[in-house]
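Here are my notes on this model, point by point. Please read them with the structure open.

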Amino acid sequence: MFFKGFPLPSDPIIPTYTVNIKDFGAKVNEKTNAISLAIEHASKNGGGKVVIPKGEWLTGQIHLKSNIELHLEDGAKVSFSKNPEDFLPVVLTMYEGMRCYNYSPLIYANEVENVAVTGNGVFDGNGAEWWKWSKNMTARDILYKGDLPLEKRIFGTPEYGLRPMMLQILNGKNVLIDGITLCNSPCWTLNLVWCKDSIVRNVTINNPTASPNTDGINIESCNRVIVEDCTVITTGDDMYCLKAGRNEDAREVGIPCENVIIRRCKSLGPSRSGSIVIGSEMSAGVRNILAEDCTFAYNVNCVRIKSKDGRGGVVENVDFRNLYMEKGMRGINLSYRYSCEARDDAKEPGKYMPTIRNISFENIVCDSVQTGITLDNLPNGVMENLHFKDITMTADKCMTSDSVKGLYMENVNLIEVPGAGANLYDE
C-alpha cells in the first residue's frame with residue numbers, strides 16, 4: 001500500500017583469481033592468521049576468492065577488502081579466538097546506534113565495495129567469553145550520555161565492557177552475505193551499517209536464547225537492501241531488525257534506513273524479543289520498507305516498531321504482509337514507551353518525539369498471543385494513518401490503543417481466548 005519498488009541490488013562481481021588459506025600456512029585446529037594473509041594477497045592481485053576448506057580453523061579478527069569473496073567450503077568451520085587482545089587495535093564501529101572506536105568486529109570491513117562472504121560453512125564467535133561483560137555499563141553510560149566527540153569515544157579494554165559485533169560492514173557498496181551460518185555471537189550478529197546495494201541471503205543464525213543482545217540480522221542506515229530466505233533459529237534478542245542510529249549521534253550523521261525488503265524469512269524460536277522489529281534506534285528515519293511471506297515461532301512480538309521520547313525520527317511508508325507467528329506474547333506492537341534503555345532518557349523531554357505514519361498490515365496471523373494489537377503513544381508523539389486488513393489473532397487481550405490519528409481496519413478478527421499466548425521474556 002505504501003511501499004514503492006526500487007532498483008534491486010545484484011550480486012557483486014568478484015575477480016576469478018582464487019587462493020586457499022592452506023597455501024598461507026593454515027593448519028586444522030591451530031590458531032592462524034592465514035585468512036588475513038590470504039585476503040591481503042588476493043587484494044594486492046586485484047581481488048578474488050579466498051577459500052576456507054573443510055576442517056576446523058581458529059583465528060582472530062578477519063578484515064575484508066574490496067573485490068574479495070571469503071568462501072567457506074562445505075564442512076568448513078571458523079572459530080574465533082576467545083582472547084580480546086586478538087581484536088585490537090580498535091576500529092571505527094557502530095555500537096547500538098552510536099559511533100565509537102572499540103574492539104574490531106570478528107568479521108569487519110569499512111569503506112569497501114564488491115565484497116562477499118559465501119558458502120555453507122560455519123562461523124562460531126565463541127560468544128560466551130564476551131557475554132560475561134553484558135552487565136558492565138561503563139562504556140554505554142559514556143556513549144549514551146552523548147557529550148563526547150567521536151574522536152574521544154575510544155574503548156577496547158575489558159574495563160569498558162563493550163562487546164564487538166560478529167559481522168559488521170560499514171560504508172559498503174555491492175555487498176553479499178550468502179549461505180553461511182553464524183553462531184554464538186558476542187553481541188549483534190550480522191550488522192550492515194551505511195551500506196548500499198546489499199543482499200543477505202540464505203543465512204542461518206543460532207545464538208542461545210540466554211545470550212545477551214545477540215540480535216540476528218540488523219540493517220542499519222542502509223539503502224537498497226534485500227534480506228531473503230534466512231533462518232534465525234534462536235537469539236537472545238530481536239530476530240530481524242531495521243535501525244537508523246540513536247539520538248543526537250544519528251541526527252549528526254543523518255543517514256536513514258530506506259528501501260529494504262525482507263522476504264521469505266523465518267525464525268524457529270524461542271526468542272527474547274521480536275520477529276521483525278524497527279527501532280528503537282531509528283533517529284535518522286526508516287522509510288519505504290516491505291516485509292512479506294515470513295513465518296515465526298515463540299517470539300515476544302511478531303511485528304514491533306519501538307521508540308521513545310528523545311529519539312525523534314520518522315518511520316514511514318512500511319508494509320507488512322503475509323506474516324504468520326505461532327504462539328508469542330504480542331502480535332503487533334507499536335510503542336513509544338520502550339523502557340529498556342533508561343540510560344539515554346530524553347535530555348529535554350518532549351523535544352524530540354518520534355513519528356510513525358503510513359504503515360500497513362495485511363494478512364497477518366498470530367495463532368496464540370497474550371495481546372493482539374498494542375498501539376502505545378505518548379503526549380506529543382505522532383501515530384497516524386495505520387491500516388489493518390485481513391488480520392486474525394487469538395489473544396488473551398485483543399487490543400489497546402492510545403491517540404492514533406487515522407486508524408483503518410478491514411476484516412480484523414481478534415478472538416479473545418483467556419490464557420492465550422506464550423510466557424516469554426521481553427528484554
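1. **Cysteines.** The disulfide count comes to 0. The model is a predicted one, and this point is about its sulfur atoms. Why is there no bond at Cys100? The closest cysteine sulfur to that of Cys100 belongs to Cys187 and is 11 Å away, too far for a bond. Cys183 fails as well: its closest cysteine sulfur, in Cys230, is 16 Å away, too far for a bond. The cut-off for a disulfide is 2.5 Å between the sulfur atoms.

2. **Burial of these cysteines.** Are Cys100 and Cys183 buried or exposed? Cys100 has a relative accessibility of 0%, so Cys100 counts as buried. Cys183 comes to 12% and counts as buried too. The threshold for that label is under 20% relative accessible area.

3. **Arg153.** Cys100 also turns up among the contacts of Arg153. This arginine sits in the loop between α3 and β12 (167-178). Its relative accessibility is 6%, so Arg153 counts as buried. What does its side chain meet? A polar atom of the Arg153 side chain lies 3.0 Å from the backbone oxygen of Arg99. Leaving out residues up to four places away in sequence, Arg153 touches Met98, Arg99, Cys100, Tyr101, Leu143, Leu148 and Asp249.

4. **Aromatic pairs.** How many aromatic pairs does the model hold? The count comes to 10. One of them joins Tyr103 and Trp133: the ring centres are 5.8 Å apart and the planes stand at 50°, so this pair is tilted. Tyr103 lies in the loop between β9 (98-102) and β10 (107-119), and Trp133 in the loop between α2 (128-131) and α3 (138-145), so the pair ties together parts 30 residues apart in sequence. Both Tyr103 and Trp133 are buried. They belong to one aromatic cluster with Phe87 and Trp130.

5. **Arginines over rings.** Two cases are worth a look on screen. Arg246 lies over the face of Tyr144, at 4.0 Å from the ring centre. Arg251 lies over the face of Tyr352, at 3.6 Å from the ring centre.

6. **Strand β18 and its partners.** Strand β18 covers residues 223-228. Is it mostly covered or open? Mostly covered: 5 of its 6 residues are buried. β18 pairs with β15 (residues 196-201) in the parallel sense, over 5 bridges. In that pairing, Ile199 stands opposite Ile226. β18 also pairs with β21 (residues 257-263), again in the parallel sense and over 5 bridges. Here Asn223 stands opposite Glu258. As background, side chains in a regular strand alternate between the two faces of the sheet.

7. **Asp197.** This aspartate is placed in strand β15. Its relative accessible area is 12%, so Asp197 is buried. Which residues does Asp197 touch, not counting those up to four places away in sequence? They are Pro9, Lys173, Asn174, Val175, Asn223 and Arg224. Asn223 and Arg224 fall within the residue range of β18.

8. **Ala34.** Ala34 lies in helix α1, which spans residues 34-44. With a relative accessible area of 0%, Ala34 is buried. Beyond its neighbours within four places in sequence, Ala34 is in contact with Ile21, Phe24, Gly25 and Ala26. Asp23 is 11 residues away along the chain, and the C-alpha atoms of Ala34 and Asp23 are separated by 8.2 Å.

9. **Leu58.** Leu58 is found in strand β4 (residues 55-59). Its relative accessible area is 28%, so Leu58 is partly exposed. Not counting residues up to four places away in sequence, Leu58 touches Glu30, Lys31, Thr32, Ser79, Phe80 and Ser81. How far is Leu58 from Glu362 in space? The C-alpha atoms are 46 Å apart, and the two residues are 304 apart in sequence.

Technical notes
Residues numbered from 1 in each chain as written. Predicted model: local features only at pLDDT ≥ 70, side-chain atom pairs only at ≥ 80, totals over all residues. Heavy atoms only, no water. Buried < 20%, exposed > 50% of the residue type's maximum accessible area, 1.4 Å probe, protein only. Helix = DSSP H or I, 4+ residues; strand = E, 2+ residues; numbered from the N terminus. Pairing = 2+ DSSP bridges. Phe/Tyr/Trp six-rings, centres within 6.5 Å; stacked < 30°, edge-to-face > 60°. Lys NZ or Arg CZ within 6 Å of the ring centre and 35° of its normal. Polar contact = N/O pair within 3.5 Å; in protein donor to acceptor, adjacent residues only side chain to side chain. Contact = heavy atoms within 4.5 Å.
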